[in-house]
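Morning, everyone. I'll put the structure up and then go through its strands, its aromatic rings and its cavities.

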Amino acid sequence: MRLILTHFFFFFLLFGNSQICTSCRIMDDRSNEKKPDPIPEKATVLYSNDFSNASQWSFSNTSVPSADWIITNNLNIAPINAFIPAGFSTAFNGFAFINSDAQGPTATQDAIISLNTLITACASKPYVVLRFSQMLRRFGDTTLLEVSNNGSTWTSFLCNPTLENNENTPNPQKVDINISSVAGLQDTVYIRFRYKASNAWFWAIDDVKILEQDEFDLEGKETTFGTVGNWGIPMAYYQIPIAQIQPIEIKGRIKNTGYGPQFGVYIESSDGASYTSQSDSSALSPNLSAVLDINDLWIPSSTIGNQTINTTVYSPAMDQEPSNDQLDNFSVNISSKYYSRTTDVRSGRVSNNFSQYGYETGNIFDIFNDATITSAMVHVNSESTTGALLFARLYEAVTQDSFVLLSISDTVIIPPLINDQVFRVRLIDPTLLQSGKSYLLTAGSIGSPTFPGLVIGTSGKSDLFTSYYLGENTIGWYQFTEAPMVKMNFETVVGMHELKDDKLFDIFPNPNDGVFSIQFYNQNSEISLVEILSIRGELIHRQEFITNKGESSFEIRTNDLAEGTYIVRISNSISNRSQRIFVYNAK
């Protein structure tokens, strides 16, 4: 999940045992619904090494503290459940592994594992590829293959240029790197892998091969899709009502991994039923990537269930490795009420582990037909701290860094959770969303006295400027590229998280000069939390009271408030309620 300040500065904060989650290390036991890549074999293998002989490798590092690679056959060594057990085909006889997560938040790693064996099989081969299998969960690390033909001058090749922070590779993933510029027609070739990181996760490598490169080999990469409305950016909505469905644009990224140029390259997308469309054809030079647009928009049918788009790359040349011509597909789910990009499967998480700070996170929604929003549906992860507070906020999205608060919600207190759970959080003021406008719906928490606080699920990728994060300890809104599982709900709110009609408290006088009293009506003695927020949703005052069974009254003094309207939000173990107050001549 890459977070980017709206002025395009990168913002990195830490997670886990370290710090908070913005560009945070998100605990994730899933693999973003990716399946392990097939590992087809090219015709000519020039060299191979499966780490079964550890003496063939040597180690060096300038890490602080010192942290080397190891060669292990422990299939459960990875710190992420998605990689347990390790899926390498020869993992049983050893693979290379380095663990940044175990070193802690203040450590840095710069560690090299070098092959001691001199490779001589490239001498008559002008076009060569190095292939290896890997497992990686990325967080700000740099993963390099370094190649030399003299043992002293090294050329670096970036191994994971497009993998986002907190994204898992498949278990395992094939990686092909064209090393012809250094190794082609060379009598001697040296290779090594280098891992540079700080409070990242881990990297594991196995089954290293050098192969003769094919002349014609196109490889399909990721598919992206979305709908363009008022916001001007394709929206890969997490979930929207059926009435908001619009035609969907489809794009696909491909790469020419052969040594020969390709002409007449195109991609084709199909839903396996009534929709099939192609892109315009294009020429593609060796080792370059391109993004091609499918010509016809796709309109999901009204048939209830999953609908999947499959996309494949084609060219007139006979592809010598057709197994990688398929791009990542995507699915949408149609129900009687909603259209969603996934079937509600969580692939990541977002939180704020600085307990003294709150945060909120959510998505932009383009509205194509007038609709009244009543609440937010929020996917809360089971590792959330019991007692953490959950709220929602609705903004009109004016520009990419300007949002006007329209409504806030009652506060939900998170109970003990065994499994992830979706909470419906009622907005105080149901709001008419107007056709042709864009809105930001967020969910968040004021922070938690215990780790890890409120944890919200994410599902799938987002384009920049479509998913946002705001920390109580940050300045301005940040973007990231995973979609928080925060959804609009347009139905009448009824259910376990709806407030009762019982009278919970009175505020008097109202209007007031910043000094007022709250009369509580409680069924039991307990702790009640009082918060005062600006109309923009900024937390201004927070205070806890021990309230007695029956009636109890407390005075609130906020003499420094400017004149205007504020929200008083009161929460206890069984109820949540908010009320507006008006402050006059407070200064």
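Which residues do ring pairs link into a cluster? They are Trp69, Phe132, Phe193, Tyr195 and Trp203. Rings of Phe, Tyr and Trp, the last by its six-membered ring, pair if their centres lie within 6.5 Å; planes under 30 degrees apart count as stacked, over 60 as edge-to-face and the rest as tilted.

Before I go on, this is a predicted model, in which local features need pLDDT of at least 70 and side-chain atom pairs count only at pLDDT 80 or more, while totals for chains, interfaces and linings use all residues. Residues are numbered from 1 along each chain as its sequence is written, and side-chain values use heavy atoms, with hydrogens and water left out.

Back to the rings. The structure holds 22 aromatic pairs. Tyrosine 359 and tyrosine 469 have ring centres 5.7 Å apart and planes at 15 degrees, so this pair is stacked. The two tyrosines link distant parts of the chain, 110 residues apart: tyrosine 359 is in strand S24 and tyrosine 469 in strand S32, residues 467-471. Strands here are DSSP runs of E, at least two residues, numbered from the N terminus. Both tyrosine 359 and tyrosine 469 are buried. Buried means under 20% relative accessible area, exposed over 50%, and partly exposed in between, with a 1.4 Å probe and protein chains only.

Another pair is phenylalanine 545 with phenylalanine 554: the centres lie 4.6 Å apart and the planes are at 35 degrees, so the pair is tilted. Phenylalanine 545 is buried, at 8% relative accessible area, whereas phenylalanine 554 counts as partly exposed, at 22% relative accessibility.

Next, strand S7, residues 128-137. How many of its ten residues are buried? Ten of ten. On one side these are Val128, Leu130, Phe132, Gln134 and Leu136, and on the other Val129, Arg131, Ser133, Met135 and Arg137, so both faces are covered.

S7 pairs with S12 in the antiparallel sense over nine bridges; two strands pair if DSSP finds at least two bridges between them. Valine 128 stands opposite glutamate 212 in S12, and the bridge partner of methionine 135 in S12 is alanine 204. S7 also runs antiparallel to strand S10, residues 173-178, joined by six bridges. There, arginine 131 has aspartate 176 as its bridge partner.

S12 itself, residues 202-212, is mostly covered, with ten of its eleven residues buried. Strand S2, residues 45-49, runs antiparallel to S12 and is joined to it by four bridges, with valine 45 opposite leucine 211. Strand S5, residues 95-99, also pairs with S12 in the antiparallel sense, over four bridges; here alanine 96 has isoleucine 205 as its bridge partner.

Now the open sheets. One has five strands in the order S3-S6-S11-S8-S9, with antiparallel pairing. Strands S3 (57-61) and S9 (155-158) stand at the edges with a single partner strand each, so one side of each is left without a neighbour in the sheet. The twist averages 25 degrees from one strand to the next, where axes are lines fitted to C-alpha atoms and angles run from 0 to 180 degrees between N-to-C directions. Within this sheet, four bridges join S8, residues 142-148, to S9, and leucine 145 has phenylalanine 157 in S9 as its bridge partner.

Another open sheet has three strands, S36-S37-S40, again antiparallel. Its edge strands, S36 (505-508) and S40 (550-557), each pair on one side only. The twist here averages 20 degrees from one strand to the next. S37, residues 515-522, pairs with S40 over eight bridges, and asparagine 522 stands opposite glycine 550.

Last, the cavities. How many of 30 Å³ or more does a search of the whole structure find? Four. A cavity is a set of points on a 1 Å grid over the protein atoms alone where a 1.4 Å probe fits but cannot get out, and lining residues have an atom within 4 Å of a point. The largest holds about 80 Å³ of space. Among its 14 lining residues, Ala236, Tyr237, Tyr238, Asn363 and Ser462 are the closest to its centre. Strand S24, residues 359-366, gives the largest share of that lining, three residues.

Terms used. 1 Å grid on protein atoms, 1.4 Å probe; cavity = no way out; pocket = protein on both sides within 12 Å on 5 of 7 lines; lining within 4 Å. Points joined across faces, edges and corners; volume = space filled by probe spheres on them.
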